[in-house]
Amino acid sequence: MTTRHAACSCGQLHLTIEGESVRISTCHCLACQRRTGAVFSNQASFRREQVTFTGKAATWNRTAESASVVTFNFCPTCGSTVYWESESFPGRVIVAIGNFADPSFPAPTVSVWEESRHPWASLPPDTPLTRTAKQGRPHHI
Ligand SMILES: [Zn+2]
Ligand SMILES: [Zn+2]
């Protein structure tokens with residue numbers, strides 16, 4: 001089974017993850033843009049039992065447009081948001097792909113909140129993706 005490691009910038013907050021992600025997505029919403037400082041967020045979802053947590057995390061809760069609460073876990077020393085949990089996805093741990101620091105990590109297959117995507121931030125046109133506006137309503141391009 002594949003074992004992957006995700007960590008914050010300073011390394012004290014560290015996840016060890018067994019097996020593959022159940023969902024890998026890109027989010028273009030404005031809240032993710034503010035949280036990451038990047039123009040979109042990339043994340044992989046795992047079942048909680050796949051994940052071993054090491055180190056200290058501080059938390060911040062945000063209520064999503066769906067009214068469910070998302071709890072972000074970030075390193076209190078360096079500030080990297082490594083993972084989060086959402087009431088919409090009980091039993092799942094969602095990990096920021098960048099924190100794996102692994103260019104061979106599988107690509108996202110779902111893209112959400114396309115309406116607030118920066119026009120230059122597009123995936124290659126030959127990428128066989130199902131794209132989604134907000135949550136749900138998939139359409140193929
Ligand atoms: Zn850190
Ligand atoms: Zn978002």
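**View 1. Threonine 16 sits across from threonine 52 of strand 5.** This is a predicted model, where local features need pLDDT of at least 70, side-chain atom pairs count only at pLDDT 80 or more, and totals for chains, interfaces and linings use all residues. Residues are numbered from 1 along each chain as its sequence is written, while chains are lettered from A and ligands numbered from 1 in the order in which they are written. Strand 2 (residues 14-18) and strand 5 run antiparallel, joined by 4 bridges; strands here are DSSP runs of E with at least two residues, helices are runs of H or I with at least four residues, and both are numbered from the N terminus. Two strands count as a pair if DSSP finds at least two bridges between them.

**View 2. Pull back a little and an open sheet of 3 strands comes into frame, in the order 1-2-5.** Its pairing is antiparallel. Strand 1 (3-7) and strand 5 (51-54) are the edge strands, each pairing on one side only. On average, neighbouring strands in this sheet are turned by 20° against each other, direction ignored; the axes are lines fitted to C-alpha atoms (for helices, over the stretch in contact), with angles from 0 to 180 degrees between N-to-C directions.

**View 3. Here is the hairpin of strand 1 and strand 2, with 6 residues between the strands.** Look for glycine 11 in this hairpin, with its positive phi near 95°. The two strands pair in the antiparallel sense over 5 bridges, and threonine 3 has glutamate 18 of strand 2 as its bridge partner.

**View 4. Arginine 4 takes its place in strand 1.** It counts as partly exposed because it has 18 C-beta neighbours inside 10 Å; the cut-offs are 20 or more other C-beta atoms within 10 Å for buried, 12 or fewer for exposed and anything in between for partly exposed, with C-beta atoms placed from the backbone. Leaving out residues up to four places away in sequence, arginine 4 touches Ile17, Phe100 and Asp102, where a contact means C-beta atoms, placed from the backbone, within 7 Å. Leucine 15 is 11 residues from arginine 4 in sequence and 8.2 Å away in space, C-alpha to C-alpha.

**View 5. Now for the largest nonpolar core, which has 18 residues.** Such a core is a set of buried Ala, Val, Leu, Ile, Met, Phe, Trp, Tyr and Cys residues joined through C-beta atoms within 7 Å. Ala6, Leu15, Val82, Tyr83 and Val95 touch the most other members. At least two residues each come from strand 1, strand 2, strand 4 (41-47), strand 8 (81-86) and strand 9, and strand 9 gives the largest share, 4 residues. Setting aside neighbours within four places in sequence, alanine 6 is in contact with Leu15, Ile17, Val82, Val95, Asn99 and Phe100. A second, separate core has 5 residues, including Cys27, Cys32, Phe40 and Val112.

**View 6. Two loop residues, alanine 101 and tryptophan 113, have a positive phi without being glycines.** For alanine 101, phi is about 45°, and the residue lies in the loop between strand 9 (92-96) and strand 10 (110-112). Alanine 101 has 11 C-beta neighbours inside 10 Å, so it counts as exposed. Tryptophan 113, with phi of about 60°, is in the loop between strand 10 and strand 11 (130-132). With 21 C-beta neighbours inside 10 Å, tryptophan 113 counts as buried.

Technical notes: Contact = placed C-beta atoms within 7 Å.
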